[in-house]
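Biologist: I have a complex here and some questions about it. Can you walk me through the parts?
Modeller: Sure, let's open it up.

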Amino acid sequence: MNVVTRKLIAKELYVNRWFVGGGAISAVVSVLIAATSKTGFNIGALTWLTTIIATGVMLGIYGIMNERKEHSLQFVLSLPLSVGDYVLAKMLGLMACFLIVWLAGSAAAMTLVFGMQAVPDGVGPYVVLLCVFMLANFAVVLCGALHAQSEALTSAVVIITNMGVSIFMFTIGPLPGISQSMWGPTPAWNSTFWTVLGCELAVLVVAFTLPFFLAARRRDFL
Amino acid sequence: MTNHKHLSMRGVRKNYRFFTLDDLTLELEPGQVMGFVGPNGAGKSTTLRLAIGLIAPDAGEIRVLGHDIPKNQAAAKRDVGFVSAEMRLFPHATLGWHMDFMKSIYPEWDGGYAATLVKRFNLRTEQNARSLSLGEHVKATLLLALARRPKLLILDEPTTGLDPVARHEVISEFMDVLRDESRSILFSSHNTVDVERISDTIAFIDRGRIVECSNKEDFLDRWRRIQVQLPPGTALPDLPNIVHRQIDGHFVTLTTNQFSEGLQALIGPHVTGIQRMNLEEIFVANVMHHREARGQ
Amino acid sequence: MYSGINISQTDARPMYLQILEQIRARVAAGDWPPGKELPSIRALAAALNVSVITIKRAYLDLESEGVIVTRHGKGSFVADVNGLAGELTEAKLDEHLNEAAALGRQLGLSEDELAARLRRAQRNLEKK
């Protein structure tokens, strides 16, 4: 990997340190709140969801759109790297930022589900799917933002994909394979689960690799 | 010793919806300063961006320091410093952070020189990029490029937003670069005074085409304003290379872009004055001339 | 050493000519004695913030006038010709006299009228 790419990934983590740190802490704290009581659970779950979604949105907006708008893109492109190097640095850098928050949030959530008696283990599969959904969601946001030529388009990508979380919760939750055992004591790692998981991972892989193919064809960066 | 041109653009074309850069040919030798001038929208920034690989040409060849652009731009950019007046640094990082960033990427980074430039350009390393004024931003990005001591500097309006003192400091640093005959500079500017002063070659672009590209001294030697006072009843003979003719009764002012003693003789004995023109006057006369030729 | 040379871009005379004249003046005055090494073209360009090509032109003209000599690979030196300083000043005088003659003709002065004007100028000098 080009040393410039490595440095740019480090830079991504550095400039987004407040979002990332704050987001990770907020996600963990939300889970702690969720652990307190029934009302606490609702509040905590909501803030947990909001934190992870908001982190994705912020990284998409500040990470990519603003760089273009604030003309620091020209500065980056004046460095000794190729298009492919730039795309790689952006994808890996922003993904690394998101992963920190996502890992903190997901680990905390998993601990809550499988560690606390009050929370039925049956909800485990649903939570796993939700977490992976948000990761795939972010990959799509990144992919879209890297290729959108205008601010409006980038904003649209960000907004629409985040509406997707609500859509997910309303469609996946009621699926028979999931809802049947959601409130039970044992998690059901059934075919519905694996199918949905498979789809999510496929989307994740495609969204993550598409920029590299598209970048190879892109001729103008400004 | 191989004398690789530092920049070579041949037959380059770039189409945009409302503008086309056509048949662009430009060459820069090591040790040279090329000043690139032209009206707004003529294609200066487009040309410089093509040179650095930010945009790709629709036709033609571009080579920078021997590398094919845009294919091998990563390798070329190791030794090229590109600064544009609209370029911005990462807003939430300090100048000091940027200097460390550059140092980690470029082994040739000269920390001592960078520190000197911070003082000379009146900047502060602890200052966040987003709080820099336009002029300070320009100076900061120039600093980051200069301290790497790149072989080739490609600069798009590098004196934008600079007060006269800062401009003087910046121009001095550019000229210091030229102490080394293996380094070169290509810069575009509206500041014709600076271009006239430090350029070895002047390239003039208008509406997407290079209309002039020559040695500065020759260029300035060719243009003249000639004042003629005609006695009543006389007329001027047919004269070649007159770019502009202004008639006020018996007083005629001719502008020529190919002055010679032969031309002076042709005009005859009624010449009352011959003036050299500065680059700004030539610039305006040239553009007006081309507009008239196009019937505008 | 060369910090005293100044180029004005508002002067009607071209930059190379200003440099040329200022170097000539220093040689004529003896400030730059015969045999003295001139700054390299690039060093002078950087010191004066003027293009290399302009300095080159000035040096080439100075060399063709015999004011300096350039030794390939070694640099440029003030020409070691006896009485060069005096020669330069005389060349300058001739230049001014030629100009005065041309102006006199434009004004329609006769040879005597022009000579009278010169005498007046000399007397003004003596008064000072």
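**Chains and contacts**

Modeller: Let's start with chains B and C: 15 residues of chain C are in contact with 19 residues of chain B. This is a predicted model.

Biologist: Which elements of chain C give two or more residues to that side?
Modeller: They are α2 (41–48) and α3 (52–64) of chain C.

Biologist: And how do the residues on that side of chain C divide?
Modeller: Nine are nonpolar, four are polar and two are charged.

Biologist: Now chain A. How many residues of chain B are in contact with chain A?
Modeller: On the chain B side there are 23, and they meet 21 residues of chain A. Four elements of chain B each supply at least two of those residues: α1 (44–52), α2 (73–77), β6 (80–84) and α3 (95–105). The chain B side divides into 13 nonpolar, five polar and five charged residues.

Biologist: Which pair of chains shares the most contacts?
Modeller: Chains A and B do, out of the two pairs in contact.

Biologist: What about chains A and C, how far apart are their nearest C-alpha atoms?
Modeller: 27 Å, and these two chains do not touch.

Biologist: What scores does the predictor give the complex?
Modeller: An ipTM of 0.89 and a pTM of 0.85.

Biologist: Let's look inside chain B. What is the order of strands in the open sheet?
Modeller: The order is β6-β7-β8-β3-β9-β10, six strands with mixed pairing.

Biologist: Which strands stand at the edges?
Modeller: β6 and β10 (209–215) of chain B. Each has a single partner strand, so one side of each has no neighbour in the sheet.

Biologist: By how much are neighbouring strands turned against each other?
Modeller: By 15° on average, ignoring direction.

Biologist: Take a pair from the middle of that list. How do β3 and β9 of chain B run?
Modeller: Parallel, with four bridges joining β3 (residues 33–37) to β9 (residues 201–206). In this pair, B:M34 stands opposite B:T201.

Biologist: What does α1(B) touch on the sheet?
Modeller: α1(B) packs on it and touches β3, β6, β7 (152–156), β8 (184–188) and β9 of chain B. The direction of α1(B) makes about 150° with that of β7(B). You met α1 of chain B earlier, since this helix also supplies residues to the side that touches chain A.

Biologist: Where is β1 of chain B in all this, and which strands does β1(B) pair with?
Modeller: β1(B) covers residues 7–15 and pairs with β2(B), residues 20–28, in the antiparallel sense over six bridges. These two strands form a hairpin with four residues between them. B:N15 stands opposite B:T20 there. β1(B) also pairs with β4(B), residues 59–64, again antiparallel, over five bridges. In that pairing, B:L7 has B:V64 as its bridge partner.

Biologist: One residue caught my eye. Where does B:P158 lie?
Modeller: In the loop between β7 and α6 (164–177) of chain B.

Biologist: Is B:P158 buried or exposed?
Modeller: Buried. The cut-off is 20 or more other C-beta atoms within 10 Å, and B:P158 has 26.

Biologist: Which residues is B:P158 in contact with, leaving aside its neighbours within four places in sequence?
Modeller: B:V83, B:A85, B:V138, B:L142, B:V170 and B:F187. B:V170 is 12 residues away from B:P158 along the chain, and their C-alpha atoms are separated by 8.5 Å.

Biologist: Over to chain C. What domains does the assignment give?
Modeller: Domain 1 (15–78) and domain 2 (84–127). Their centres, taken over C-alpha atoms, are separated by 28 Å.

Biologist: How many residues of these domains are in contact?
Modeller: Six residues of domain 1 meet four of domain 2 in chain C. The domain 1 side divides into four nonpolar, one polar and one charged.

Biologist: Which strands pair in chain C?
Modeller: β1(C), residues 68–71, pairs with β2(C), residues 75–78, in the antiparallel sense over four bridges. C:T70 has C:S76 as its bridge partner. Three residues sit between the strands of this hairpin, and C:G73 takes a positive phi near 85°.

Biologist: Last one. Where in chain C is confidence lowest, and where is it highest?
Modeller: Lowest in α4(C), residues 84–107, at a mean of 82, and highest in α2(C), at 95. Chain C averages a pLDDT of 87, with 91% of the residues scoring at least 70.

How values were computed
Residues are numbered from 1 along each chain as its sequence is written. Chains are lettered from A and ligands numbered from 1 in the order in which they are written. This is a predicted model: local features need pLDDT of at least 70, side-chain atom pairs count only at pLDDT 80 or more; totals for chains, interfaces and linings use all residues. Two residues are in contact if their C-beta atoms, placed from the backbone, lie within 7 Å. Ala, Val, Leu, Ile, Met, Phe, Trp, Tyr, Cys and Pro count as nonpolar, Asp, Glu, Lys and Arg as charged, and the others, Gly among them, as polar. Two strands pair if DSSP finds at least two bridges between them. Domain bounds come from an automatic or database domain assignment. Axes are lines fitted to C-alpha atoms, for helices over the stretch in contact, and angles run from 0 to 180 degrees between N-to-C directions. pLDDT is the predictor's confidence in each residue, from 0 to 100. A residue is buried if 20 or more other C-beta atoms lie within 10 Å of its own, exposed if 12 or fewer, and partly exposed in between; C-beta atoms are placed from the backbone.
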